[in-house]
Number of protein chains: 2
Amino acid sequence: MSKTLADIGEFGLIRRIHEFLKKEGFQAPEVILGIGDDTASFQPRAGYNVLVTCDCLVEGRHYLPDYITPSDLGRRAMAINISDIGAMGGRPLYALVSLGLKSDTPVADVEAMYHGFCMELNPFEASIIGGNLTKMEDIIFIDITLIGEVKQGKIMLRSTARVGDAILITGYPGQAAAGLHLLSRSQSTEDLREHPLARAYISPSHRAKEGWRIGQSGVATAMIDTSDGFLGDLGHICKESGVGAVLIQEKFPISEDLRQTAAQLKLDPYELFLQESDDYELIFTCSPDKVSQIRSVIASVSDVPVTEVGKITEIVGIIQLRLPDGTKRRIQPTGWDHFGK
Amino acid sequence: MSKTLADIGEFGLIRRIHEFLKKEGFQAPEVILGIGDDTASFQPRAGYNVLVTCDCLVEGRHYLPDYITPSDLGRRAMAINISDIGAMGGRPLYALVSLGLKSDTPVADVEAMYHGFCMELNPFEASIIGGNLTKMEDIIFIDITLIGEVKQGKIMLRSTARVGDAILITGYPGQAAAGLHLLSRSQSTEDLREHPLARAYISPSHRAKEGWRIGQSGVATAMIDTSDGFLGDLGHICKESGVGAVLIQEKFPISEDLRQTAAQLKLDPYELFLQESDDYELIFTCSPDKVSQIRSVIASVSDVPVTEVGKITEIVGIIQLRLPDGTKRRIQPTGWDHFGK
């Protein structure tokens, strides 16, 4: 039988994690002190601002163990934080990992989780410099604080979109929502794990590399990542910027996979694109005459598609959808409220 | 009936927290971006290193709601993180608060918790710049990441104690353990909440102000806060520094409250001093000829007692206790392993 946390104890686990990170993790030269003292410490770079974000995954709430392997869970937990740093035009540097684990959690699962963290961090030469372990009775949680940097003056906000700006989106939002539908309607999730839409949900591809380049270019006006769904996050841009938006439905990037699966599930692919979906794509805005420049900037680091789907308007807080027949209707996110009745 | 999170929803709660912090929280000028975008952002000071730590309190595991009010819980959760920053010789600056809350949590309780956070942060002109909210089914958790700064070259480590150094301790370790004994043996915890030892457990006094001054003085060689009990944390210093220690029992600072309560509970006050206790005092070491200088440094900012309780020895990893009759015995922490069988 495989070893559990009860077998090796808290200090045994800390030692294992430490050894694992020495082997698989990136060792950043600016880290003065990593795991093993009262705090971690690093030397920030002159001319850069520090970015910091935290996001938590709770078993049964944000993920189901049947759907996701420990390694993918680690990737997912780190990727959603990396996505936030990327959406500010920043680069991830240091992570603190606070884990709530059970006594019967296999040690191999924890190591697989750390393998997932490192898979996401290493391409950025980012490292885990601290954390915390808590014993839980019934459920696991993974709470990550990710620290990054952004060049002074290059930070990308959600509050600075301008009337007349083009609205662009990376990738294919809605794929993660369709993947979740597939998984939750299936009897055996095992067979589905490699389905491209299930992968889009289980192991989302953040666009931090693209976000960093968009920030560097200096031509985008506002940016956000899609963690509340396209419409919800565009809504945040509109609200914080004091503007509105009009979207052109026929321009929406709907992948062939999404189109087929939507038909099979009897769902509207445009609704999947617009509503709650954990895709971690980027929505950004720029002056219409900068669209081709920004496309080239992204194309220089990535082959992710970039689609112009609408315009920023002056009708504060209102998002309109233009249908193929030319009619317009007002649309709203159906995003769920986590504590709502 | 008082309003719950289910009544006001997630976005309602975020708005309330935001408004509360505008009113009661410190507004730091170096904060470029606080709550409300994908990440927070601040400008680090030149000549300083960044410190970062995280610590989590879980209902039923680290605290019992019957023992502690929401405001004290907020204070405690923040104080234990502030203590870590202080133990590095640093100053706390920015907190991220990740909360797991239940739908039936009263809004007033969450506000009281934030009141507790601000009570601890405001004296340092430190502020909450971000966080996360997660819905939990059965238990609440409070996971705080605290960021601080320390002047380059003034960081205090646990790994740098030297043979011959004096070992000093602030305050009265063991009081929190005695307080927990009192609370757990009592039928009605309500009457006990104001007992000084119960207070020592419920609302521990970190020594961050003192730690910062000790670091500034440049004469201490190593420092740690007592979160695993005096012996456990002195053990960390010994292990990381590759040294040992001898302690003189008759020098241990045992408060009158602790002496009386230990007698009443039929417990050994010296054992309470040595073993697992959540006091958040500071253990630090310095050359014997610097003891009076360091006492003056601390006395200039605080009236907390500082007691010399032993010496660092060359017997690696061994801690000895000298009893009043002159005999010595080897002692070890009984600290519990969180995942152990």
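1. Which residues of the largest nonpolar core touch the most other members? They are A:A95 and B:A95, in a core of 202 residues. The model is a predicted one, and the points below should be read with that in mind.

2. Start with the surroundings of A:A95. Setting aside neighbours within four places in sequence, A:A95 is in contact with A:M78, A:F117, A:L121 and A:A126. The list continues with A:I128, A:I144, A:T145 and A:L146. In soluble globular proteins, nonpolar side chains tend to be buried together.

3. Next, the strand β4(A), residues 91–101. Is β4(A) largely enclosed or open? Because 11 of its 11 residues are buried, β4(A) is largely enclosed by the rest of the structure.

4. The pairing of β4(A) runs in two senses. With β6(A), residues 141–151, β4(A) is antiparallel, and nine bridges join the two. A:P92 has A:G148 of β6(A) as its bridge partner. With β5(A), residues 127–135, β4(A) pairs in the parallel sense over eight bridges. There, A:L99 stands opposite A:L133 of β5(A).

5. Now the domains. Chain A splits into domain 1, residues 5–151, and domain 2, residues 166–330. Their centres, taken over C-alpha atoms, are 27 Å apart. The contact draws 19 residues from domain 1 of chain A and 18 residues from domain 2 of chain A. On the domain 1 side, α2(A) and β4(A) are the elements that give two or more residues. The most come from α2(A), with 11 residues. By class, this side of domain 1 has nine nonpolar, four polar and six charged residues.

6. How are the two chains related? A turn of 180° with a shift of 0.0 Å along the axis lays chain B on chain A, at an RMSD of 0.0 Å. That is the relation of a two-fold axis. The same surface serves both copies, since 100% of the contact residues of chain B recur in chain A.

7. The contact between the chains takes 54 residues from chain B and 54 residues from chain A. On chain B, the elements that each supply at least two residues include α1 (5–24), α2 (70–87), β4 (91–101) and β8 (220–225). Strands β2, β3, β5 and β6 of chain B are also among them. The largest share of this side, nine residues, is from β3(B). By class, the side of chain B that touches chain A has 26 nonpolar, 16 polar and 12 charged residues.

8. Strand pairing also crosses between the chains. Strand β3(A), residues 48–58, pairs with β2(B) in the antiparallel sense over three bridges. Within this pairing, the bridge partner of A:V50 is B:F42.

9. Two backbone points deserve a look. A:Y280 is not a glycine, yet has a positive phi of about 55°. A:Y280 lies in the loop between α9 (269–274) and β10 (282–286) of chain A. With 26 C-beta neighbours inside 10 Å, A:Y280 counts as buried.

10. The other is B:K266. This residue also is not a glycine and has a positive phi of about 55°. B:K266 sits in the loop between α8 (256–265) and α9 (269–274) of chain B. Is B:K266 buried or exposed? With 6 C-beta neighbours inside 10 Å, B:K266 counts as exposed.

Key
Residues numbered from 1 in each chain as written. Chains lettered and ligands numbered in written order. Predicted model: local features only at pLDDT ≥ 70, side-chain atom pairs only at ≥ 80, totals over all residues. Contact = placed C-beta atoms within 7 Å. Helix = DSSP H or I, 4+ residues; strand = E, 2+ residues; numbered from the N terminus. Nonpolar A, V, L, I, M, F, W, Y, C, P; charged D, E, K, R; others polar. Pairing = 2+ DSSP bridges. Core = buried A, V, L, I, M, F, W, Y, C linked by C-beta atoms within 7 Å. Buried ≥ 20, exposed ≤ 12 C-beta atoms within 10 Å, placed from the backbone. Least-squares fit on C-alpha atoms with pLDDT ≥ 70 in both. Domains from an automatic or database assignment.
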